[in-house]
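User: I should like a close look at a single helix, with an explanation of how it sits among its neighbours. Please then set beside it some other contacts, so that the terms become familiar.

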Amino acid sequence: MADAVIPAAILRNLSDKLYEKRKNAALEVEGIVKQLAQASDHDKIDAVINLLTNEYTYSAQANHRKGGLIGLAAATVGLMSEAGRHLEQIVPPVLNSFADQDSRVRYYACEALYNIAKVVRGDFIIFFNQIFDALCKLSADSDVNVQSAAHLLDRLVKDIVTESDQFSIEEFIPLLRERMNVLNPYVRQFLVGWITVLDSVPDIDMLGFLPDFLDGLFNMLSDSSREIRQQADSALSEFLQEIKNSPSVDYGRMAEILVQRAASSNEFTRLTAITWINEFVKLGGDQLVHHYADILGAILPCISDTEEKIRAVAHETNEELRGIQVIPSEEFNVGSILSVTMSHLSSEWEATRIEALHWMLTLLMRYRQEVLSFLSDIFDTLIKALSDPSEEVVLLALEVHACIAQDEIHFPKLILYLIQNFRADNSLLEKRGALIIRKLCVHLDAEIVYRKLSAILVEEPNLDFASTMVQALNLILLTSSELAGLRDLLKKSLFNKNGKDFFIALYASWCHSPMAIISLCLLAQIYQHASSVIQSLVEEDLNVKFLVQLDKLIYHLETPTFAYLRLQLLEPGKYMWLLKALYGLLMLLPQQSAAFKILRTRLKTVPPYTFSGQVFKRSSSGTVTPGANYFGEDGVINENQLNGHGEINFTLWLRQFEKVQEHHRAHRKSSTLSRAASLSSKDIQRMEEQRQQHPSVVVPEVSMPLSRSSFKGTGQLRI
């Protein structure tokens, strides 16, 4: 039937290799179809379209396919207003030609669809998704001419869509979402262009579907093409502005995307994501409750970002989020936020760890009971924070610990954990011990802290650690400005019940260190007992460690802490036991040490006083000689008499000290024997050879105390 309608010459020219002949033949087809349309002979029109489709557009010959496309466009022009009823026959073969292997065929397909679209306009919308999919592919075509033709067609289709009231955004979004992850730069430009155009149409709610393609837009921010990055950023900025002006927004779905993008390796993507999160926190409020933990997890790393702008926005967002107070519920899970906070305590970045601890304090203040219910899960992590290389992190961790320990049930656990960690990690005690103890005493009651530490150390089975720990606590007590109140309390030990109780509480564990006991007695002004302790020391006690501690004590006696003691030396008759104790310490010091010279110089300034009926005067050489003046025992203070209730039994406590020290001596002896037993036969042989080669040099035995050569520097004692 179609052959009878269209002359053979026209059909022959329609497949000619010359474009002009094909064009003229197409004009003839247009005229024929126009006449058939005027006659309403749709059967013949269908036959003509089928002929052009089957015999030409689906032909194996490229020129036939080109002629068929031109013919279909011409037929559509001829149909005019009647074209709509035949679109389902006309458009599919044209769309099929977009995938043709011949670039010229693809070009003519674009041209044909362009002409068809100009005629049918709005009726064209029913094929929009197929056309969009085809244009998406053609935008990245390898042939420049095809790309140009596709761009022209794309602009026309955009115009038609913006004018149409039949366009379905709901049907289009799944196709858009599927294409958003394409990496081709031409396709990305094409997609951003369509998003921008559709968003500009008042009747199309692109904002409502933003979560479907938001991730794709963020993905484009890291594109290698600057133009694509700018287009994506422009589109995102426009959407963010719309969000600010919109009364209802689905923040939840988008928050999940933003959290992921805030961890992007691309700097611009991170900045844009954290900026969006900042606005969401300000605008979203309660809608984001379920996502608070995820948002916090995105913010904390950005606080330590290398880019200053990102850090600034992250800090602002962090403060905004912390300022929101929410009642715990199914949506607001304190445990989730706590988990995020704890996970970032192991961050390699100091600023992130600091903010994590600030969040911990905030959670403790607002949701104390909920946080404490997770204490067993977080305590070890918080303890490890005390070993952090950053002092600020350590101070904050201590504040958190102190906040937890405000409950009586948790305080003993904290102190016990500290002792255990100090025992396990000696470097923690050396580097952070003083700081940790001092700050705990600031945040908590200093007296209670020291009492608890002492009570635990009394039962400490590791004698070496107990001694080291007591020495550290004693040093902190003597030097820390935060513990001035405890020092004042100890000075009243002989007159005040609280002071006496505190002295006894410390004495029990201070027995692990002779020098700590002597320091405690000097601090508490219990000089007679200090002298008794000094007199009780035996040769084994006078080792290098003891002399190092004694060296330190002598230097401390010259500090403001012991100013009262030095002033008491002006009244030797009243403070005879103080003088006797100091002379006892002097006798224990090596004469060439700096500490000996310091203490001897100090004692030279003391007015002369007699011991046991003898008057002591100093000669010009500094030696003590008998004199004529005599001071009786009336001025001597007896500690047992001064104690109002006579409750401090110094004789009993001296025995306790001697008993503990005997344990230490036995432990040292056992350790020495163990080390000696561990020496290999080669070590013993080497020592024997040294004796034979150098008989004048004394090779120290393992059990021998260290000699004076163990001291480093002239007259100096070092650990």
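Analyst: The answer begins with one helix and then turns to a second helix pair and to some aromatic rings.

The model is predicted, so local features need pLDDT of at least 70 and side-chain atom pairs count only at pLDDT 80 or more, while totals for chains, interfaces and linings use all residues. Residues are numbered from 1 along each chain as its sequence is written, and side-chain values use heavy atoms, with hydrogens and water left out.

The chosen part is helix H29, residues 514-523. Helices here are DSSP runs (H or I) of at least four residues, numbered from the N terminus. Ten of the ten residues of H29 are buried, so this helix is largely enclosed by the rest of the structure. A residue is buried under 20% relative accessible area, exposed over 50% and partly exposed in between, with a 1.4 Å probe and protein chains only. Among the buried residues of H29 are Pro514, Met515, Ile518, Ser519 and Leu522. These residues also meet Phe546, Gln549, Leu550 and Leu553 in H31, where contact means heavy atoms within 4.5 Å. By class, this contact has seven nonpolar, two polar and no charged residues. Ala, Val, Leu, Ile, Met, Phe, Trp, Tyr, Cys and Pro count as nonpolar, Asp, Glu, Lys and Arg as charged, and the others, Gly among them, as polar.

Two packed helices are described by the angle between their axes and the distance between the axes. For H29 and helix H31 (residues 544-556), the angle is about 25° and the axes are 9 Å apart. Each axis is a line fitted to C-alpha atoms over the stretch in contact, and angles run from 0 to 180 degrees between N-to-C directions. H29 and H31 are therefore roughly parallel, a label for angles under 35 degrees, whereas over 145 is roughly antiparallel, 65 to 115 roughly perpendicular and the rest oblique. H29 passes H31 in a right-handed crossing. A crossing is right-handed if the near helix is turned clockwise from the far one by less than a right angle, and left-handed if anticlockwise. Just after H29, glutamine 525 takes a positive phi of about 60°.

A second helix pair may be set beside this one. The axes of H4 (residues 42-57) and H5 (residues 62-79) come within 8 Å and cross at roughly 160°. That makes H4 roughly antiparallel to H5, and their crossing is left-handed. The residues of this contact divide into eight nonpolar, five polar and two charged.

Aromatic rings offer another view. Rings of Phe, Tyr and Trp (its six-membered ring) pair if their centres lie within 6.5 Å; planes under 30 degrees apart are stacked, over 60 edge-to-face and the rest tilted. The count comes to 20 aromatic pairs. The rings of tyrosine 19 and tyrosine 108 have centres 5.9 Å apart and planes at 15°, so this pair is stacked. Tyrosine 19, at 32% relative accessibility, is partly exposed, whereas tyrosine 108, at 6%, is buried. The rings of tyrosine 527 and tyrosine 575 have centres 6.3 Å apart and planes at 80°, so this pair is edge-to-face. Tyrosine 527 lies in helix H30 (residues 527-536) and tyrosine 575 in the loop between H32 (563-568) and H33 (576-588), so the pair ties together parts 48 residues apart in sequence. Tyrosine 527 is buried at 4%, and tyrosine 575 is buried at 14%.

Notes. Helix = DSSP H or I, 4+ residues; strand = E, 2+ residues; numbered from the N terminus.
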